[in-house]
Amino acid sequence: MARMFRVNHEVSSARLAFMFSTTTTFIVYILCMLIIGIAAARMTTSLNDYVLGGRSLGRFVTALSAGASDMSGWLLMGLPGALFLSGLSEAWIAIGLTVGSWCNWKFVAARLRSFTANASDALTLPDYLSARFCDKYRICSIIAAFIILIFFVVYCASGMVSGARLFEQTFAMDYHNALLIGAVSTIFYVFIGGFLAVSWTDTVQASLMIFALLITPVVMIMDCGGFDAANALIAAKDPTLDDFLQGMTLVGFLSLVGWGLGYVGQPHILVRFMAAGSVRGMGDARRISITWMALCLLGAVLIGYYGVAFSVKHPEVSIANAEQIFIIVTQNLFNPWVAGILLSAILAAIMSTLSCQLLVASTTLTADFYRRWLRPHASQRELVWCGRVMLLIVAIIAYIIALDPTSGILSLVAYAWAGFGASFGPCVLISVFWSRMTLPGAITGMAVGAITVIIWEIGGFLGLYSIVPGFILSAIAIIVVSKLTFKEGNACQSLFNELEQKFWVEVRTK
């Protein structure tokens with residue numbers, strides 16, 4: 001234990017009390033997640049159960065699990081850190097995400113649930129794309145799976161970095177030891193319980209996250225003496241921080257709101273739609289999810305913004321890393337036991353997203369590579385265990401990437417978010433609305449989106465967030481190539497018409 005913690009011998013009794021209460025809270029929280037994982041494991045007997053939970057999620061679980069799997073550690077660390085450094089101009093990220101999520105729920109969720117269930121009972125996004133475009137040789141599936149693995153490894157690494165930062169700041173722990181503990185905690189319950197474990201724990205974690213994000217800014221503002229006093233402290237440090245358009249250019253604005261384009265292409269969010277119990281429940285699920293999301297994003301924005309007031313009032317508190325502002329505020333303003341609960345919200349955000357990402361990546365390897373190419377007649381038990389092994393492989397690669405202590409949470413998330421949004425966003429969106437979309441169009445669109453993001457991130461052209469050009473070029477490629485390769489009355493068009501009819505039957509069926 002002495003090797004894991006760099007604890008000074010003169011640590012105050014208050015600090016020791018804080019560490020004890022927080023440690024106890026974390027242990028109880030993690031044990032609860034593991035118990036849920038074990039309970040879910042008893043209900044996981046097939047690959048369908050492990051991947052989609054048998055398509056049995058209710059409206060409430062669908063809504064909150066979709067939100068929790070989206071809002072990773074960046075919600076309580078990366079976003080508040082950006083607001084702390086740059087002010088309210090960074091809030092456009094939250095606005096863009098809210099609008100993008102609402103559009104995703106409104107226009108894509110129900111259709112994707114119906115289309116995937118009726119297109120050969122597709123379990124994964126690559127499965128769906130191959131079925132939707134009658135891809136006999138599964139080229140589309142292979143490309144989609146490859147893109148998922150590339151960007152999910154980076155996404156998983158961001159979650160592990162978030163966990164390491166949490167343990168590092170809270171317990172004065174060495175970064176690499178903190179990284180190991182956070183990663184193992186998440187991997188274990190996903191390993192044994194699969195999709196049901198992830199969905200059930202996400203619901204609990206979402207409740208904890210919204211509690212922390214609503215109560216913390218209220219206490220911060222009260223500590224500063226109220227809204228007027230807090231705003232005065234912020235103005236004293238930098239009067240431009242309250243300007244939503246401070247230093248804003250068209251490129252900067254498009255980059256911030258462009259985050260909303262990514263929703264329709266995120267496999268770990270789309271899989272929640274695919275697992276919903278019915279199409280008709282999507283409206284209620286949308287309202288629950290968007291309300292939860294808007295409140296969480298508002299809380300994160302306020303924590304980052306009023307974190308500036310906190311830093312002015314408490315100059316004795318060192319804030320070396322802006323992404324740790326929520327942790328630092330919690331440690332200084334709350335009772336140790338309450339602080340432990342609030343800090344568990346960060347762990348909840350990290351574990352909810354990381355668990356879903358690991359699951360989607362591992363099931364992609366299992367369903368789209370192992371089952372399709374190596375063992376097409378494998379038993380359900382074999383496939384479940386294969387999924388668990390693949391999960392460990394993906395986790396190890398992500399862990400290696402996260403070993404770099406200089407990794408930025410928001411930068412890693414931004415890269416992966418853009419990769420998925422540009423690769424799959426236009427492809428998924430157009431596939432559920434346009435009957436004339438073709439297999440060559442889908443393949444070209446995915447490739448163009450992924451390549452554009454990678455090249456744009458390397459070159460940093462115009463300072464524009466890569467998802468914007470990636471999404472636009474991908475959509476153009478799909479439309480142009482589909483028009484050039486479309487043949488009237490082909491199998492894909494016939495399948496789309498059939499899926500469309502079944503969708504409207506499900507919508508009207510009570």
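Trainee: What makes up the secondary structure of the protein chain?

Mentor: In this predicted model, the secondary structure of the protein chain comes to 19 helices and 0 strands.

Trainee: Why is Ser141 called buried?

Mentor: Buried means under 20% relative accessible area. Ser141 has a relative accessible area of 1%, so the residue is buried. Its place is in helix α7, residues 139-171.

Trainee: Which residues does Ser141 touch, leaving aside those up to four places away in sequence?

Mentor: Ser141 touches Pro126, Asp127, Ser130, Asp135 and Asp368.

Trainee: Why is Val480 called partly exposed?

Mentor: Partly exposed lies between the cut-offs of under 20% for buried and over 50% for exposed. Val480 has a relative accessible area of 42%, so the residue is partly exposed. Val480 lies in helix α18, residues 467-485.

Trainee: What makes Val480 part of a nonpolar patch on the surface?

Mentor: A patch takes residues with over 30% relative accessible area, and the 42% of Val480 satisfies that cut-off, so this condition is met. The patch is formed by Ile472, Leu473, Ile476, Val480 and Leu484, with about 470 Å² of accessible area together.

Trainee: How do you know that helix α13 is largely enclosed by the rest of the structure?

Mentor: Helix α13 covers residues 325-333, and 7 of its 9 residues are buried, so the helix is largely enclosed. The buried residues are Ile325, Phe326, Ile327, Ile328, Val329, Thr330 and Gln331.

Trainee: What percentage of the residues in the protein chain is buried?

Mentor: Buried residues make up 61% of the 510 residues.

Methods: Residues are numbered from 1 along each chain as its sequence is written. This is a predicted model: local features need pLDDT of at least 70, side-chain atom pairs count only at pLDDT 80 or more; totals for chains, interfaces and linings use all residues. Side-chain values use heavy atoms; hydrogens and water are left out. Patches are made of residues with over 30% relative accessible area and no salt bridge: like charges are joined within 9 Å, nonpolar side chains (Val, Leu, Ile, Met, Phe, Trp, Tyr) within 5 Å. Accessible areas come from the Shrake-Rupley method with a 1.4 Å probe; for residues, only the protein chains shown count as cover. A salt bridge is a side-chain nitrogen of Lys or Arg within 4 Å of a carboxyl oxygen of Asp or Glu. Helices (H or I, at least four residues) and strands (E, at least two) are DSSP runs, numbered from the N terminus. Buried means under 20% relative accessible area, exposed over 50%, partly exposed in between (1.4 Å probe, protein chains only). Contact means heavy atoms within 4.5 Å.
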